[in-house]
Amino acid sequence: MKLTMPRFDSAPVLVVGDVMLDRYWHGPTHRISPEAPVPVVKVEQIEDRPGGAGNVALNISALGAPAWLVGVTGQDEAAESLQQRLNAAGVYCDFQQCAGQPTITKLRVMSRHQQLIRLDFEERFQTDAEALLATVGGLLDKVKVLVLSDYGKGALVNHQALIKLAREHGVPVLADPKGSDFSIYRGASLITPNLSEFEAVVGRCASEQELVDKGMALVAELQLDALLVTRSEQGMTLLRAGEAALHLPARALEVFDVTGAGDTVISTLAAALAAGESLPSAVALSNIAAGIVIGKLGTAAISAPELRRAVQREQGSERGVVGVEQLLQALDDARAHGERIVFTNGCFDIIHAGHVGYLEEARSQGDRLIVAINDDASVTRLKGPGRPINSVERRMTVLAGLGAVDWVISFSEDTPERLLEQVKPDVLVKGGDYNVGQVVGASIVQAYGGEVKVLNFVESCSTTAIVEKIRERDQG
């Protein structure tokens with residue numbers, strides 16, 4: 001499946017559900033308490049992160065999508081901390097506050113990157129369901145997707161009314177379910193149980209086929225558009241009526257902490273669907289995002305550049321031979337990391353020592369080097385019959401294998417001017433005996449403030465000279 005990064009900035013999402021604060025106390029431990037056989041932690045750092053529905057909204061905002069969050073909190077310091085952190089991240093919050101009840105807080109004591117204990121502060125909220133429904137109704141015209149982030153803590157007590165209202169506004173509903181009664185999510189566009197939650201409802205699945213069969217039956221029973229079962233190290237399975245099951249393998253290189261992985265899945269899925277991605281593509285993106293987040297400690301949001309770079313690795317466009325779309329996507333990520341882009345072009349028919357030295361010098365002008373080469377037809381027009389000696393595929397493969405080269409792309413015109421207008425490199429480099437004004441594309445690059453530099457090839461090295469020498473030997 002070919003993946004691209006969506007434009008998340010035009011993908012507003014509304015999250016409704018159980019808001020909580022994840023609080024971390026960090027510190028070293030060097031001794032056992034004399035009072036009990038437990039380690040003594042000297043707390044040196046306190047860290048607060050939005051959890052539950054707050055983490056979902058935070059993830060959506062971190063991807064660059066506008067995020068709204070509706071939930072229930074207490075009237076306390078934890079609620080203030082949540083509001084401050086979410087607002088600072090660009091999340092619009094509308095909290096229903098319950099006096100006399102604590103904001104749900106999960107305190108984790110951490111030492112040496114290990115969780116020693118978790119303490120929960122919570123009571124089930126008595127939510128004003130009608131007020132919450134009215135708040136959601138006032139926001140549905142502003143968003144493209146509604147997420148129900150359900151942790152069973154009391155914020156969501158009117159699931160069917162919320163689903164019905166969203167459907168009336170033409171807004172798809174994604175639900176991260178809790179409990180063993182999935183009927184409360186009837187009519188949702190998609191639900192995302194993990195395997196344990198799924199089997200708690202349908203019974204144990206002894207085989208993949210049994211999982212598919214029971215899942216399809218659940219889709220029909222609950223009148224869902226789709227069901228996504230997250231299966232930990234076995235990846236994900238997407239089930240839709242009338243479609244073959246889509247199984248995606250797990251993408252994590254190393255599992256460090258699964259906290260918040262479900263939040264990452266549904267937030268990436270919601271933002272991608274809001275941005276216009278197809279459901280299979282959105283699921284594939286969320287699978288990659290989950291692989292990133294479980295390599296982090298605790299609840300953690302992933303950024304758009306992180307996801308973009310992971311997609312590039314998945315598509316093989318982090319380095320090597322690329323098309324225009326892949327290159328532009330890779331450049332977005334490089335620029336997000338503050339990298340300076342260098343561009344050079346040529347026929348590169350027979351790669352010789354002069355080329356290697358020139359490309360190494362070109363790369364030294366910045367952080368990333370693009371080499372654009374003429375395709376076979378344009379080489380023939382420029383060099384005459386019998387050229388190129390090597391096909392464009394072979395030339396690109398050799399160039400991509402050089403350590404100095406990041407991306408190789410071909411163009412069919414006689415000059416790379418159209419490609420330069422798309423790529424907009426920071427530096428345009430050309431080798432040979434030119435002045436800057438003679439370099440093709442110089443005016444394009446200079447017009448937006450880029451640099452143009454002329455470098456020299458190694459003396460006595462040229463493809464034409466090598467070809468002539470071979471011909472002389474053949475004739476001799």
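## Two domains, two sheets and a cis proline

The domain assignment splits this protein into domain 1, covering 8-315, and domain 2, covering 320-474. Keep in mind that this is a predicted model. The centres of the two domains, taken over C-alpha atoms, sit 46 Å apart. Below is a quick tour of the domain interface, then the sheets, then a salt bridge and some backbone oddities.

**Where the domains meet**

- Domain 1 puts six residues into the contact with domain 2, and domain 2 puts in nine residues.
- How much area is buried between domain 1 and domain 2? The figure comes to about 620 Å², with carbon and sulfur atoms giving 43% of that.
- On the side of domain 1 that touches domain 2, the residues break down into two nonpolar, two polar and two charged.
- Looking for salt bridges across the interface of domain 1 and domain 2 turns up zero.
- Polar contacts go the way of the salt bridges: zero residue pairs between domain 1 and domain 2 count, with both residues required to be at pLDDT 80 or more.

**The nine-stranded sheet**

- Here nine strands make an open sheet with mixed pairing, and the order reads β7-β6-β1-β10-β11-β12-β13-β14-β15.
- The edges of this sheet are β7 (91-98) and β15 (246-248), each of which pairs on one side only.
- Inside that order, β13 (residues 226-230) and β14 (residues 236-240) run antiparallel and are joined by five bridges.
- Which residue of β14 stands opposite L228? That would be L238.

**The six-stranded sheet**

- Another open sheet has six strands with parallel pairing, in the order β16-β19-β18-β17-β20-β21.
- Its edge strands are β16 (320-321) and β21 (451-455), and each of them pairs on one side only.
- β16 pairs with β19 (residues 407-411) in the parallel sense, over two bridges.
- V321 has V408 of β19 as its bridge partner.
- As background for both sheets, strands pair through backbone hydrogen bonds, either parallel or antiparallel.

**A salt bridge around R387**

- The whole structure has 24 salt bridges.
- One of them links the side chains of D349 and R387, at 2.7 Å from N to O.
- D349 is in the loop between β17 (341-346) and α11 (353-363), while R387 is in the loop between α12 and α13, so this pair ties together parts that are 38 residues apart in sequence.

**Backbone oddities**

- As a rule, most residues other than glycine have a negative phi, and most peptide bonds are trans.
- Which peptide bond is cis? The one joining R387 and P388 is, with an omega of about 10°.
- P388 belongs to the loop between α12 (376-383) and α13 (392-400). R387, its partner in the cis bond, is also the residue that meets D349 in the salt bridge.
- R112 has a positive phi, about 55°, despite not being a glycine.
- Where is R112 found? Look in the loop between β8 (105-111) and β9 (114-121).

Terms used
Residues are numbered from 1 along each chain as its sequence is written. This is a predicted model: local features need pLDDT of at least 70, side-chain atom pairs count only at pLDDT 80 or more; totals for chains, interfaces and linings use all residues. Side-chain values use heavy atoms; hydrogens and water are left out. Domain bounds come from an automatic or database domain assignment. Contact means heavy atoms within 4.5 Å. Buried area is the accessible area (1.4 Å probe) that two parts lose on being put together, summed over both. A salt bridge is a side-chain nitrogen of Lys or Arg within 4 Å of a carboxyl oxygen of Asp or Glu. A polar contact is a pair of N or O atoms within 3.5 Å; within protein, one must be able to donate a hydrogen and the other to accept it, and residues adjacent in sequence count only if both atoms are side-chain atoms. Ala, Val, Leu, Ile, Met, Phe, Trp, Tyr, Cys and Pro count as nonpolar, Asp, Glu, Lys and Arg as charged, and the others, Gly among them, as polar. Two strands pair if DSSP finds at least two bridges between them. Helices (H or I, at least four residues) and strands (E, at least two) are DSSP runs, numbered from the N terminus.
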